[in-house]
Amino acid sequence: LRQYLVVTGTYIKDSVEFEDEITDYTLTGTLTEGTSTITVTYGEETATFTVTVTAQSDIPSIYQKV
């Protein structure tokens, strides 16, 4: 799941807002077909969100590696 998720954090330093990618977060939840709930925790901050997972469709043969 982590390979498909990019977590960013926003902070302010000297009145300038910065956004950085965060890599040392905790991820909980399980992706299953339908609606899944995922929680991301970084330090004392937590964000919970829902995602919709659909079944993988077949890749047209013109895109398949030969």
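This is a short tour of one pocket and the strands and core beside it in the viewer.

Bear in mind that the model is predicted.

**Stop 1: the pocket.** Begin with the largest pocket, which has a volume of about 180 Å³. Select Val7, Thr8, Val40, Tyr42 and Ala47: of the 13 lining residues, these lie nearest the pocket's centre. Now colour the lining by residue class. Eight residues are nonpolar, four are polar and one is charged.

**Stop 2: the strands around the pocket.** Show strands E1 (7-13), E4 (34-42) and E5 (45-53); each gives two or more residues to the lining of the largest pocket. Which strand gives the most? Pick E5, with four residues.

**Stop 3: the hairpin.** Keep E1 on screen and add strand E2, residues 16-22. The two run antiparallel, joined by seven bridges. Select Thr8 again, then Glu21, its bridge partner in E2. Next, move to the turn of this hairpin, where two residues sit between E1 and E2. Click Asp14 there: its phi is positive, about 55 degrees.

**Stop 4: Val7 and its contacts.** Return to Val7, one of the residues nearest the pocket's centre. Leaving out residues up to four places away in sequence, which residues does Val7 touch? Select Asp20, Glu21, Ile22, Tyr25 and Val40.

**Stop 5: the core.** Finish with the largest nonpolar core. Select its six residues: Val7, Ile22, Tyr25, Leu27, Ile38 and Val40. Val7 and Val40 are familiar from the pocket, where both are among the residues nearest the centre. Ile22 and Tyr25 also appeared at the previous stop, as contacts of Val7.

Methods
Residues are numbered from 1 along each chain as its sequence is written. This is a predicted model: local features need pLDDT of at least 70, side-chain atom pairs count only at pLDDT 80 or more; totals for chains, interfaces and linings use all residues. Side-chain values use heavy atoms; hydrogens and water are left out. On a 1 Å grid over the protein atoms alone, a cavity is a set of points where a 1.4 Å probe fits but cannot get out, and a pocket is an open set with protein on both sides within 12 Å along at least five of seven lines; lining residues have an atom within 4 Å of a point. Grid points are joined across faces, edges and corners, and a volume is the space filled by probe spheres set on the points. Ala, Val, Leu, Ile, Met, Phe, Trp, Tyr, Cys and Pro count as nonpolar, Asp, Glu, Lys and Arg as charged, and the others, Gly among them, as polar. Two strands pair if DSSP finds at least two bridges between them. A nonpolar core is a set of buried Ala, Val, Leu, Ile, Met, Phe, Trp, Tyr and Cys residues joined through side-chain atoms within 4.5 Å. Buried means under 20% relative accessible area, exposed over 50%, partly exposed in between (1.4 Å probe, protein chains only). Contact means heavy atoms within 4.5 Å.
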